[in-house]
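Biologist: Before I take any label in this model at face value, I would like to hear the reasoning behind it. Could we go through the terms one at a time?

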Amino acid sequence: MLYIYTKTENALVQRICFNLDENIQKLPENILWIDLLHPSIAEITFIANKFDLEFPTKEESQEIELSAKYWEDNATITINAHFLIRDYKHNENKANPNNLSTEIVTFTTAKNILFTIRYSEFNTFEEIQARILASPKNFEDGYDIIDKMFEVRVEKDADLLEWVDKEARRLRISVLEKKDEYSYDAMLKDISGLQELNMRVRDSLFDKRRAMTSLLKSDKIDKDIKQNLTIVLKDLNSLVEFSVSQLNILDNIQTILTSQVNIEQNKIIKLFTVATVAMMPPTLIGTIYGMNFKFMPELDLHYAYPIVLFIMVVSIILPVAFFKKKGWL
């Protein structure tokens with residue numbers, strides 16, 4: 001599907017849903033942005049031929065080399081950017097990195113027109129589209145749209161990091177207070193999920209920083225856009241630092257949780273050790289009087305059995321009392 005945004009004579013922006021079959025080779029004038037959503041090969045080929053462009057394939061846009069992320073020639077700029085999307089509807093209160101998906105969006109500029117190729121719907125695009133229609137004067141060409149696109153995307157990543165920070169604080173309180181509704185396994189799973197989510201956001205920020213840094217070096221970008229991109233880049237760098245600090249906080253929570261698990265295990269081991277030591281004297285006594293010797297004088301005593309039982313009970317009490325006195329219990 002092709003969505004075309006055009007400038008009208010009264011400085012407004014009009015959105016046109018362009019059907020290739022019905023409008024073959026008939027494009028409107030004063031185009032500001034052409035958004036290719038789930039495009040077919042025929043639609044990509046049509047736009048490429050019309051504007052003498054060469055779009056990367058879906059496989060090429062997913063390559064990790066820097067040259068595959070950003071390239072520029074005399075007429076065009078092409079950017080393959082990561083868009084990190086979190087599904088808030090599914091298991092919202094849990095740190096599940098599987099709720100995230102990373103999608104590649106291709107941005108190409110030519111003749112001051114922005115071309116975007118995407119295979120998923122994003123809230124960022126919906127927000128930008130609403131801004132364009134509401135404030136068309138703020139969008140003179142495709143570079144203005146790219147500028148706002150990165151600005152909104154950084155804000156979305158900031159929201160994800162704020163959510164990570166909120167969940168990390170909740171987990172830390174749960175670990176310190178040892179809340180009964182949390183098991184150690186669930187806590188470790190949540191911590192691991194937050195760490196994975198945080199690293200994904202950080203990778204997304206790194207990807208945007210590379211693209212924005214390259215844009216700032218381009219002579220096709222005007223002064224105002226460069227100035228705004230510089231401000232957004234500063235915010236992005238602060239988010240990267242915040243992400244690193246969040247990783248340290250999550251590592252600290254994991255260390256505290258691991259220490260608590262070790263303490264609980266030591267308590268259990270200590271309890272079994274005390275029980276073992278306390279049972280050794282009566283075991284020894286029972287072993288002695290369980291021997292099958294013919295001459296054992298104590299066996300002929302009338303009260304031998306209760307006396308031995310009493311000695312065995314005392315032999316248990318004495319080690320336990322000693323351990324308590326030493327503070328080992």
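Modeller: Let us begin with a pairing: strand 6 (residues 100-110) and strand 7 are joined in the antiparallel sense over 5 bridges. Please keep in mind throughout that this is a predicted model.

Biologist: How do you know that strand 6 and strand 7 pair?

Modeller: Pairing requires at least two bridges between the strands, and strand 6 and strand 7 have 5, so the requirement is met. One such link places Leu 114 of strand 7 as the bridge partner of Thr 109.

Biologist: What lies between strand 6 and strand 7 in the hairpin?

Modeller: The hairpin has 2 residues between its strands, and Lys 111 is in the turn. The phi of Lys 111 is near 55°, a positive value in a residue other than glycine.

Biologist: Why is Lys 111 called exposed?

Modeller: Exposed means over 50% relative accessible area, and Lys 111, in the loop between strand 6 and strand 7, has 64%, so the label exposed applies.

Biologist: Which other strand is joined to strand 7, and in what sense do the two run?

Modeller: Strand 3 (residues 31-37) runs parallel to strand 7, with 5 bridges joining them. Here Leu 36 has Ile 117 of strand 7 as its bridge partner.

Biologist: What makes strand 7 count as mostly covered?

Modeller: A residue is buried under 20% relative accessible area, and 6 of the 6 residues of strand 7 (residues 113-118) are buried. Both faces are covered, with Ile 113, Phe 115 and Ile 117 buried on one side, and Leu 114, Thr 116 and Arg 118 buried on the other. For the chain, 41% of the 329 residues count as buried.

Biologist: What makes a set of residues a nonpolar core, and which members of the largest one touch the most others?

Modeller: The members must be buried, must belong to a list of nonpolar residue types, and must be joined through side-chain atoms within 4.5 Å. The largest core has 57 residues, of which Trp 33, Ile 79, Phe 107, Ile 145 and Leu 215 touch the most other members. Among the elements that give two or more residues to this core are strand 1 (2-7), strand 5 (76-86), helix 4 (123-134), helix 6 (184-217) and helix 7 (223-288), while the largest share, 15 residues, comes from helix 5. A second, separate core has 18 residues, including Phe 18, Phe 46, Ile 47 and Ile 113.

Biologist: Which residues is Ile 79 in contact with, leaving aside its neighbours within four places in sequence?

Modeller: Ile 79 is in contact with Lys 69, Tyr 70, Val 105, Thr 106, Phe 107, Phe 150, Ala 211 and Leu 215.

Biologist: Why is an empty space called a cavity rather than a pocket?

Modeller: In a cavity a 1.4 Å probe fits but cannot get out, whereas a pocket is open. The structure holds 2 cavities of 30 Å³ or more, and the largest has a volume of about 40 Å³. Its lining consists of Ala 81, His 82, Phe 83, Phe 107, Met 149, Phe 150, Arg 153 and Lys 208, which divide into 5 nonpolar, 1 polar and 2 charged. Strand 5 and helix 5 each supply at least two of these lining residues.

Biologist: How much space lies in the second largest pocket, and what lines it?

Modeller: That pocket holds about 180 Å³ and is lined by 11 residues, with Leu 53, Glu 54, Phe 55, Trp 71 and Thr 76 nearest its centre. The lining divides into 4 nonpolar, 3 polar and 4 charged.

Biologist: Why is Asp 52 called exposed, while Glu 298 is called partly exposed?

Modeller: Asp 52 has 71% relative accessibility, which is over the 50% cut-off, and therefore counts as exposed. Glu 298 has a relative accessible area of 33%, which falls between the 20% and 50% limits, so the term is partly exposed. Asp 52 lies in the loop between helix 1 (41-51) and helix 2 (58-61), and Glu 298 is in the loop between helix 7 and helix 8 (304-326). Not counting residues up to four places away in sequence, Glu 298 touches Tyr 289 and Ala 304.

How values were computed: Residues numbered from 1 in each chain as written. Predicted model: local features only at pLDDT ≥ 70, side-chain atom pairs only at ≥ 80, totals over all residues. Heavy atoms only, no water. 1 Å grid on protein atoms, 1.4 Å probe; cavity = no way out; pocket = protein on both sides within 12 Å on 5 of 7 lines; lining within 4 Å. Points joined across faces, edges and corners; volume = space filled by probe spheres on them. Nonpolar A, V, L, I, M, F, W, Y, C, P; charged D, E, K, R; others polar. Buried < 20%, exposed > 50% of the residue type's maximum accessible area, 1.4 Å probe, protein only. Helix = DSSP H or I, 4+ residues; strand = E, 2+ residues; numbered from the N terminus. Contact = heavy atoms within 4.5 Å.
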